[in-house]
Amino acid sequence: MASDSQASAAALQATLFDFAIAELVRQHRQSFAPLWTRDSWAKLLIWLALNCGSGRERDDLEAFAAALGPVLTRRMRRLFFERELEDLGLQVMADPAEQQVLVLPLTGEGPVDQQLAAAALKQLGLRERVVEPERWQALEAVLAVPWAQNGNGHAAGSAAGTDGTAGEGPCA
């Protein structure tokens with residue numbers, strides 16, 4: 001019986017932690033400008049590290065990021081770059097480490113109306129960061145919207161690493 005209650009307590013603690021970290025990310029993600037960039041994500045991680053007692057040196061911050069682990073980091077990053085717009089019935093996933101912004105219907109039914117998607121992107125401050133609607137691609141119930149190009153030939157906000165791979169590491 002004791003092991004059952006210990007397992008139950010551990011499960012409850014894990015659920016509480018998951019809820020708390022998700023709420024923390026959602027409540028503070030708008031605080032780190034410029035939004036929808038690698039910099040905003042890095043600023044959130046630094047803020048979390050400092051508020052958890054980590055040192056300010058690069059090694060301390062990297063140790064904090066490593067301690068989060070890849071699963072928690074991916075979940076936090078997804079929450080950081082994802083928005084649900086209930087008024088428009090859309091979910092927008094705009095991680096700058098990805099090749100494109102994804103616009104999905106909240107109901108799971110598609111296709112996504114391009115005018116609604118344009119309204120969602122404008123509401124979120126993303127419209128100027130993506131290509132013109134003629135280049136948007138409908139894929140089943142998902143609308144794929146490529147990031148606009150910057151002067152380097154990479155997508156604006158791109159997170160290409162030194163080895164050319166996008167999205168590697170906790171701050172990518």
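A salt bridge here is a side-chain nitrogen of Lys or Arg within 4 Å of a carboxyl oxygen of Asp or Glu. By that criterion, a search of the whole structure returns six salt bridges. The model is predicted.

**Figure 1. Arg-75 and Asp-18 form a salt bridge between helices α3 and α1.** The N to O distance between the two side chains is 2.7 Å. Arg-75 belongs to α3 (residues 58-80) and Asp-18 to α1 (residues 2-28), so the pair ties together parts 57 residues apart in sequence. Arg-75 has a relative accessibility of 26% and counts as partly exposed. Asp-18, at 30%, is also partly exposed. Side chains of opposite charge can pair when their charged atoms come close.

**Figure 2. Glu-23 and Arg-26 pair within helix α1.** Their side chains meet in a salt bridge of 3.1 Å, N to O. The two residues are three apart in α1, which means a separation of about one helical turn. Glu-23 is partly exposed, with a relative accessible area of 27%. For Arg-26 the relative accessible area is 37%, so Arg-26 is partly exposed.

**Figure 3. Glu-62 and Arg-58 pair within helix α3.** The salt bridge between these side chains has an N to O distance of 2.8 Å. Here the spacing is four residues, and about one helical turn separates the partners. Glu-62 is partly exposed at 41% relative accessible area. Arg-58 reaches 63% relative accessibility; the cut-off for exposed is over 50%, so Arg-58 counts as exposed.

**Figure 4. Five strands build an open antiparallel sheet.** The strand order is β1-β2-β3-β5-β4. β1 (82-85) and β4 (137-139) are the edge strands, each pairing on one side only. Neighbouring strands are turned by 20° against each other on average, direction ignored. Helix α4 (residues 114-123) packs on this sheet. The helix touches β1, β2 (90-93), β3 (100-105) and β5. The direction of α4 makes about 55° with that of β2.

**Figure 5. Strands β4 and β5 pair at one end of the strand order.** β5 covers residues 142-146. Three bridges join β4 to β5, and the two strands run antiparallel. Ala-138 stands opposite Leu-143 in β5. β4 is an edge strand, with a pairing partner on one side only.

**Figure 6. Helix α2 spans the length expected for its residue count.** α2 runs over residues 38-51, which makes 14 residues. At 1.5 Å a residue, the helix should span 20 Å. The end C-alpha atoms are 20 Å apart, so expectation and model agree. Buried residues of α2 are Ser-40, Trp-41, Ala-42, Leu-44, Leu-45, Leu-48 and Ala-49. Gly-53 follows the helix, and its phi is positive, near 90°.

**Figure 7. Confidence varies along the predicted chain.** The mean pLDDT of the protein chain is 87. A score of at least 70 is reached by 85% of the residues. β2 has the highest confidence, at 98, and α1 the lowest, at a mean of 90. Over residues 156-171 the pLDDT is below 50. Beyond near neighbours in sequence, this stretch has 30 contacts in the model. Where pLDDT is low, the predicted coordinates should not be read in detail.

Technical notes. Residues are numbered from 1 along each chain as its sequence is written. This is a predicted model: local features need pLDDT of at least 70, side-chain atom pairs count only at pLDDT 80 or more; totals for chains, interfaces and linings use all residues. Side-chain values use heavy atoms; hydrogens and water are left out. Two strands pair if DSSP finds at least two bridges between them. Axes are lines fitted to C-alpha atoms, for helices over the stretch in contact, and angles run from 0 to 180 degrees between N-to-C directions. Contact means heavy atoms within 4.5 Å. The expected span of a helix is 1.5 Å times one less than its number of residues. Buried means under 20% relative accessible area, exposed over 50%, partly exposed in between (1.4 Å probe, protein chains only). pLDDT is the predictor's confidence in each residue, from 0 to 100.
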